[in-house]
Amino acid sequence: MVQDRHDLTDAEWLLLKPLMPAHPPQGHRWADHRTVINGILRQTRTGSPWRDLPERYGRWETVYGRHRRWSIDGTWENILDRLRAGCDEAEGDQWTTSVDSTVNRAHRTAPDSAMTASCSSRS
């Protein structure tokens with residue numbers, strides 16, 4: 001399979017593979033996790049419609065359905081938490097966090113702003 005620039009590398013897949021959910025005990029087996037995840041990554045990175053997913057990633061309905069199911073049932077969260085846990089351990093005592101302290105202010109003519117109220121009381 002020709003790799004797209006959005007596809008997982010072999011090293012990335014080795015980290016993710018053990019975190020993948022098992023196939024359901026009943027019913028049909030899921031499509032290959034790596035192929036589906038590569039399709040999900042392509043769609044989220046390009047922003048193109050799901051229906052425009054190239055055929056090499058499988059049926060767009062399968063890729064979309066897996067992404068939606070895993071988003072709703074917490075699978076993506078679980079995978080991310082397990083990946084982060086390994087990173088935290090590797091950092092040890094040097095572990096740090098970064099907090100964004102950006103402030104967004106409303107323009108003085110924005111509805112419900114204090115300035116609008118004080119300006120309208122002057123009239």
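## A walk through a five-helix chain

Let's start with some rings: W30, W70 and W76 are linked into a cluster by ring pairs. Keep in mind as you look at them that this is a predicted model.

In total, the structure holds 3 aromatic pairs. One of them brings W30 and W70 together in an edge-to-face arrangement, with 6.2 Å from centre to centre and 65° between the planes. Where do W30 and W70 lie? W30 lies in the loop between α1 (10-16) and α2 (33-46), while W70 belongs to helix α3 (residues 60-73), so this pair ties together parts that are 40 residues apart in sequence. The two partners sit in their surroundings in their own ways: W30 is partly exposed, at a relative accessible area of 22%, whereas W70 counts as buried, at 1% relative accessibility.

Another aromatic pair joins W50 and Y64. This pair is edge-to-face too, with the centres 5.5 Å apart and the planes at 70°. Here W50 comes from the loop between α2 and α3 and Y64 from helix α3, so the parts being tied together are 14 residues apart in sequence. Y64 is partly exposed, and its relative accessible area is 33%.

Now step back and look at the whole chain. How many helices and strands does the chain have? You'll find 5 helices and 0 strands, and reading along the sequence gives the pattern α-α-α-α-α. The chain has 123 residues, and 23% of them count as buried. Contacts also reach across the sequence: among those with a separation of 6 or more, 53% come from residues 24 or more positions apart.

What about the inside? In soluble globular proteins, nonpolar side chains tend to be buried together. In this model, the largest nonpolar core has 9 residues, namely L8, W13, L16, L19, M20, I37, L41, W70 and I79. You've met W70 already, as the buried partner of W30 in an aromatic pair. Which elements give two or more residues to this core? Those are α1 and α2. There is also a second, separate core of 5 residues, with V36, I40, L53 and V63 among them.

L19, a member of the largest core, is a handy place to follow the chain across a long stretch of sequence. If you leave aside its neighbours within four places in sequence, L19 is in contact with I79, R82 and L83. That last residue, L83, is found in helix α4 (residues 75-91). L83 and L19 are 64 residues apart in sequence, yet their C-alpha atoms are 8.6 Å apart in space. Looking back from the other side, and again leaving out neighbours within four places, L83 is in contact with L15, L16 and L19. Is L83 buried, exposed or partly exposed? With a relative accessible area of 32%, L83 is partly exposed.

Next, turn to where two helices meet. Two packed helices are described by the angle between their axes and the distance between the axes. For α2 and α3, the axes come within 9 Å and cross at roughly 85°, which means α2 is roughly perpendicular to α3. On the α2 side, the contact is made by H33, V36, I37, G39 and I40, and on the α3 side by T62, V63, R66, H67 and W70. Sorted by kind, the residues of this contact are 5 nonpolar, 4 polar and 1 charged. Some names here will ring a bell: I37 and W70 are also part of the largest nonpolar core, and V36, I40 and V63 are included in the second one.

G39 is worth a pause. G39 is found in helix α2 and is buried, with a relative accessible area of 0%. Not counting residues up to four places away in sequence, G39 touches L53, Y57 and V63. The C-alpha atoms of G39 and P54 are separated by 8.2 Å, and these two residues are 15 residues apart along the chain.

Finally, follow the chain into the loop between α2 and α3, where P49 is found. P49 counts as partly exposed, at 48% relative accessibility. From C-alpha to C-alpha, P49 and W60 are 9.6 Å apart in space, with their positions 11 residues apart in sequence as the separation. W50, the aromatic partner of Y64, lies in this loop as well.

Definitions and conventions
Residues numbered from 1 in each chain as written. Predicted model: local features only at pLDDT ≥ 70, side-chain atom pairs only at ≥ 80, totals over all residues. Heavy atoms only, no water. Phe/Tyr/Trp six-rings, centres within 6.5 Å; stacked < 30°, edge-to-face > 60°. Helix = DSSP H or I, 4+ residues; strand = E, 2+ residues; numbered from the N terminus. Buried < 20%, exposed > 50% of the residue type's maximum accessible area, 1.4 Å probe, protein only. Core = buried A, V, L, I, M, F, W, Y, C linked by side-chain atoms within 4.5 Å. Contact = heavy atoms within 4.5 Å. Axes fitted to C-alpha atoms, helices over the stretch in contact; angles between N-to-C directions. Parallel < 35°, antiparallel > 145°, perpendicular 65-115°, else oblique. Nonpolar A, V, L, I, M, F, W, Y, C, P; charged D, E, K, R; others polar.
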